[in-house]
Amino acid sequence: MPNFTATQELFRADGLTLNSNSDSVTANITNQVNGAVGGLIDVSSVSNGLLVVNVANAPTGTSPNLAVFFDVRDAFGNWILTSNPTAISGAALGFAGTVAGNISTGYGLTYNGRIRWTVTGTGSPTFTGVSFSLYGR
C-alpha cells in the first residue's frame with residue numbers, strides 16, 4: 001500500500017481587488033486558514049504546492065491581464081521566483097475564471113513565501129472578487 005502525504009492548505013483569501021497600485025498580498029490581508037494577518041506565508045512544512053486563483057468578476061479596463069506568481073525569500077531577503085516565469089498557469093488571465101499552477105520548480109521551499117502579481121492593460125485595469133488558495137505537500 002502506498003504511503004500518501006496529506007495536502008495542507010497554507011493560505012486562503014477572497015474578495016480581493018487587484019490592480020497595478022499593488023503587487024503582492026499585503027499586511028492588511030488575513031490568511032483565512034490560520035487567522036494570521038500579513039503578507040508572508042509559512043511554506044516551511046512543504047516542498048511543493050498548488051496555487052489556485054479565481055477571478056469572480058469580469059475585469060475592467062482595456063486589454064486587462066493578470067499574471068500571478070509565487071516567490072520564496074532566501075536568507076539574505078531576496079525574493080526568488082518558484083512558479084512559472086510567465087504566470088502560475090503559464091499565461092496571463094484576461095477574464096473571469098480560475099487558473100492554477102505549481103509553486104515549486106523542484107527546489108525546496110524556504111520559510112517565507114508570497115503571492116505576487118502584475119496587472120497590465122490600459123484604462124486602469126482592475127480585477128475584483130479575486131481569491132487565492134494555496135495548498136502544499
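A residue is called buried here when its relative accessible area is under 20%, exposed when that area is over 50%, and partly exposed in between. The structure is a predicted model, and its chain is built from seven strands and zero helices. With a radius of gyration of 15 Å, close to the 14 Å that the globule rule gives for 137 residues, the chain is as compact as a globular protein of that length. Two topics then call for attention at the level of single residues, namely the salt bridges and the backbone angles of two serines, S63 and S124.

**Overall fold and surface**

- Read along the sequence, the strands follow one another in the pattern β-β-β-β-β-β-β, and the C-alpha atoms fill a box of roughly 50 × 40 × 30 Å when this is taken along the principal axes.
- Of the 137 residues in the chain, 40% are buried, while the accessible surface of the chain comes to about 7,100 Å², with 51% of it belonging to carbon and sulfur atoms.
- Among the contacts with a separation of 6 or more, 75% are made between residues that stand 24 or more positions apart in the chain.

**Charge and the R12–E9 pair**

- The chain carries 5 positive and 6 negative side chains, and the centres of these two sets lie 3 Å apart.
- Side chains of opposite charge can pair when their charged atoms come close.
- The structure holds three salt bridges, one of which joins R12 to E9, with the closest N and O atoms 2.7 Å apart.
- R12 has a relative accessible area of 30%, and because this value falls between the 20% and 50% limits, the residue counts as partly exposed.
- Its partner E9 is likewise classed as partly exposed, at 27% relative accessibility.

**The network around D71**

- D71, R114 and R116 are linked in a network of salt bridges.
- The side chains of D71 and R114 meet at 3.0 Å, N to O, and this pair links distant parts of the chain, since D71 is in strand β4 and R114 in strand β7, 43 residues apart.
- The side chains of R116 and D71 meet at 2.6 Å, N to O, and because R116 lies in strand β7 and D71 in strand β4, this pair ties together parts that are 45 residues apart in sequence.
- D71 has a relative accessible area of 2%, which is under the 20% limit, so D71 counts as buried.
- R114, with a relative accessible area of 18%, is also under that limit and is therefore buried, and R116 is buried as well.

**Serines with a positive phi**

- Most residues other than glycine have a negative phi.
- S63 is not a glycine, yet its phi is positive, at about 50°; the residue sits in strand β4, which covers residues 60-73.
- The relative accessibility of S63 is 55%, which is over the 50% limit, so S63 counts as exposed.
- S124 has a positive phi of about 55°, although it too is not a glycine, and its place is in strand β7, which covers residues 112-136.
- S124 has a relative accessible area of 60%, and because this is over 50%, S124 is exposed.

Definitions and conventions:
Residues numbered from 1 in each chain as written. Predicted model: local features only at pLDDT ≥ 70, side-chain atom pairs only at ≥ 80, totals over all residues. Heavy atoms only, no water. Helix = DSSP H or I, 4+ residues; strand = E, 2+ residues; numbered from the N terminus. Rg over C-alpha atoms; globule rule 2.2 N^0.38 Å. Buried < 20%, exposed > 50% of the residue type's maximum accessible area, 1.4 Å probe, protein only. Contact = heavy atoms within 4.5 Å. Areas by Shrake-Rupley, 256 points an atom, 1.4 Å probe, with all protein chains shown as cover. Lys, Arg positive; Asp, Glu negative; His and termini not counted. Charge placed at Lys NZ, Arg CZ, Asp CG, Glu CD. Salt bridge = Lys/Arg side-chain N within 4 Å of Asp/Glu carboxyl O.
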